[in-house]
Amino acid sequence: MKKKLLCFALNCLILGQVFAQITVSGQVTSIEDNEPLPGVNVLVKDTTMGTITDIDGHYTITVPAGHTTLIFSSVGFSKEEIAIEGRSSIAVQLMPDIQSLQEVVVVGYGTTKKTDLTGAVAAISNEDIVKRGTTSPLAALQGQVAGVNITANTGLPGADFDIDIRGVNSLTGGEPLFVVDGVMTDNINFLNPNDIERIDILKDASSTAIYGSRGSNGVVIVTTKSGSAQGGKPTFQYSGFAGMRTIANIPDFLNAEEAILYTMNRGIIGNIYSGEPISAPDNLFGFPSSGEAHDYWVTNLGNKNYYDWVGELTKPSLQTNHFISASGGTDKVNYLVGAGYQGDNGNVEGQGYKKYNFKGSVNANVSEQWAMGTNINLAYTDRELRSRNVMRQLFRMPPYAPAYTLEGDLIRQPMVGISGNVSPLAELKYNKYNTQEYYLISNFYLQFKPLDWITLKSTFSPNVQIQREGEYWDVLSTGSTNGGSMATTQDFSYIWDNQIHISKEVNEHRFDYDFIYSMLSDRTEYLYGFGWGLPFNSEYFNLGSASILNTVSSFEKSTLMSYTNRLNYSFRDKYLFTASARWDGSSRLAPGHKWAFFPSAAVAWRASEEGFMQDISAISNLKFRLSFGYTGNDNIDPYSTQFAVNNQTYYDWDGTLANGFRPSAIANKDLTWERTREWNLGLDFGFLDNRISGELNVYDKLSLNLLMERKLAVPTGWSTMMDNVGSLSNKGIEVQLRTINVRTSDFSWETNFTFSSNRNRIVELYGKKEDDVANRWFIGQPAEVVYAMVFDGIWQKDEVPEGDNTLEGTAKVKDLNGDGVTDIDNDMKVLGSPIPKWVGGLATTLTYKNWDLSANIYTNQGVFIYSPFHTEFTDLNSKQILDVPYYMRDNPITESRYSNTYPQPRNQGQYWGEDAEDYGYPGFNKDASFVRLQNVTLGYNMNPDFLNRIGIQDIRIYVNAVNPYVWTKYEGFDPEWAGASMSGENANSTAFSIYQIGTNIKF
């Protein structure tokens, strides 16, 4: 009887437990696009019971009595804990974890998890690159990475960008090393941004030391798209936009009537200081007073035969970017092929830019041990500017100058009797200035894994770059004869890398070791031909027919050999150590000094993984990093250590003219490596489930043995010699912050903030603490400075000193030492630097269901620069100037104008105008700081349920405004290239804004 009662009680207990259990089911989707998420782990909290979602994101799980919470987790998404609260059906949406998605970063010759990173590395995804709507990869990076300053050279279609990573490291210049799919290149402007999968920027010495001598200015690693295993089913993607590029921020130049008055004032001032009577025939002061030239102006000014040069010759342009690709594969072979086109027909008639990209990638796992593959990028660009100087000529031409006669014929030189400036219409119609470039970037690799933990890989990466530049001047623009030139540069280089990679885990220890043997060869051939007196318009294709013909050719070759060791060690995924040692040998340097050793080391501590941190729920991630290392620089021309006899000269050989050669420079047989040592202290952090995350870096860099031109004493017979002299310091701080301000199932708001400040200072020159005033290098000052007298206004009528040669209406400068005399030796000072004091960026993104809205702001502050624009257009000797308040002294013809900011027309004084170079152009140095609204984008992702029914995976449509506004005090075209020259092709640009509509399609 007792046994029956016991059995009955046990059965009741078991049945009670069964009935107390709950079965919960539902679907897990992504909060971004409502797509189902397969493979999500669903776990009953505080148990080992769990399941995973099926291909449609569905799950079913039995929850024991007493347990009330489910945990949902998946790689690339934030973990969610959901209270059951008696429900049997729970739908869950997971938020993508951006930090997790970017977990793997490229560090050179391999990858590593971001959590294991010990150096300062920034990663930018394809999404962050493409959404900026630019045709240049570097333009898309502006403001996105702390410590990286990127500025445009000009506003021309296809213009390149300058990039500094953690300041200027050398007095001879130099840019970061660019690596595209393992191939080192001199730039990445030839790439289509839509073809880029990601960009990783290595900033500190620990990260860049793997590239040794090539990494002293930082490393930009570009990974283009490649195929992936997709079960054999191909995937097609198209990304493209079309936009209208409009001229923005046109400076306020004088209109026709104002320009006539200005010309008259110039003539009146000339008469005043020459002592001639202030009179002119027909009251045309400043214009020719007699002959055909006088009649020309009487006719055209009397008939108001004016011409709006800027309005008529500038126009909006159509800008397009298209890239289409097909990819697919299996676990054995994957592939990707793609093609792209970018076009811009320029803001001036006749100008245009075209770029074509072709891409192919194949990777094959031949067996479990063997793999091989190739990646090829081919680009072709064609840029037509018509004339190097057409924009300068365009803005130089006053609007009262006629373009056509009253009969409608083109006037070749509109400024008759005043200047010989050729009409921009003639330059655009008859001249040509064309540049074509071909790029081939490729790599081929073979990989063998004899064991699971050993990989042997050999990669051969050839790189071909061919550039052809042609220029033609027609007789109708030169006024004398036809002329042309053509220059061709062919560069072939290759890198052969052989790598051994060992990855091994022993209990709680993990080791990764790389040994790399690398060879680099670079060969450049150059040919230039110039012809003057071409018998007919053959442009630059028949120079041999010219009456005067000249040719120049050159050849250069350099090689680099490297041995690299790198060890990564991790203990319990909490204590991390990285060390690298690289030996580089460069053919550019002197015998006995070709080889150098570049070591580095870094440690990191993931404090958030410690046991005592587990109860602090507010801290999601906390890692401390410390690194130290050396990098190098051999940034000199090949053969600089050889006494090259390469300047042709002629000698009198006993009355006979003999051809000979002489050396062009003195050789330095002791030239060796420029070295940079760097400390970096870093902190990675994440709070509130990484809703607030980012990193902080503080660094100290010192470049030693700077390669630069050293001045020599006169008796040596040489003015300079390349030598290792001087040192340069860069110290700075970088902050990168990401916040998820709002996160719900329908709405999210995210912001990204970057800030960096760099203090660049020259520490030593020529082995001493002495300034080099001639080169504008000063101890304790940045490598680039504005050194000038201080502008102090305009001499007014009632303050001109008696008995002095000073003239009313001329510019004056400050007497800094108070000795009563202004002179170059005692009254010039460093006024500022083109290097910004700090750089920042702010990006914000809002999403509501299928809609997204984003905006980006970028700023450079503390920029003080010499402005060639102001030299050209506020030089009061010019024919056309900005509408500025210039000084005009009392006279019986025109109204007086009193100004303390701009001098009088003509007779401006020695401290103003093109001749004021010795005084540092006191009136032309400007604050070029700016805040730019880079772009504003509104996008819509079409409903996936509808798209699936028509066989399309994704469609996103967006509108985008690029550079819609800039806040600045600078009066020129654009503060970003305020230092651009006003001669040559750099003068052919204005500021611009672009308004686009685009789409991304995947099917």
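What follows is a dialogue on reading a small sheet, a buried loop residue and some salt bridges in a predicted model.

Colleague: What should I keep in mind about this model before reading it?

Modeller: The model is predicted, so local features need pLDDT of at least 70 and side-chain atom pairs count only at pLDDT 80 or more, while totals for chains, interfaces and linings use all residues. Residues are numbered from 1 along each chain as its sequence is written, and side-chain values use heavy atoms, with hydrogens and water left out.

Colleague: In what order do the 3 strands of the open sheet stand?

Modeller: Strands are DSSP runs (E, at least two residues), numbered from the N terminus, and two of them pair if DSSP finds at least two bridges between them. Here the order is 4-1-7, with mixed pairing; strands 4 and 7 stand at the edges, each with a single partner strand, so one side of each has no neighbour in the sheet. Strand 1 (residues 22-30) and strand 4 pair in the antiparallel sense over 6 bridges, among them the one in which V24 has I61 as its partner, and Q27 stands opposite H58.

Colleague: Which side chains of strand 4 are buried?

Modeller: Buried means under 20% relative accessible area, exposed over 50%, and partly exposed in between (1.4 Å probe, protein chains only). Along strand 4 (residues 58-63) the side chains alternate, with Y59, I61 and V63 pointing to one face and buried, whereas H58, T60 and T62 point to the other and are not.

Colleague: Where is I90, and what is it in contact with?

Modeller: I90 is in the loop between strand 6 (80-83) and strand 7 (92-94), and I90 is buried, with a relative accessible area of 1%. Contact means heavy atoms within 4.5 Å; leaving aside neighbours within four places in sequence, the contacts of I90 include V24, Q27 and Y59.

Colleague: How many salt bridges are there, and which residues share partners in one network?

Modeller: A salt bridge is a side-chain nitrogen of Lys or Arg within 4 Å of a carboxyl oxygen of Asp or Glu, and by this rule the count comes to 30. R166 and E734 form one of them, at 2.7 Å from N to O; R166 lies in the loop between strand 12 (161-165) and strand 13 (177-180), and E734 in strand 36 (residues 727-743), 568 residues apart. R166 is buried at 1% relative accessible area, and E734 is likewise buried at 1%. R743 also forms a salt bridge with D689, the closest N and O atoms being 4.0 Å apart. As for the network, salt bridges that share partners join R166, K203, E678 and E734.

Methods. Helix = DSSP H or I, 4+ residues; strand = E, 2+ residues; numbered from the N terminus.
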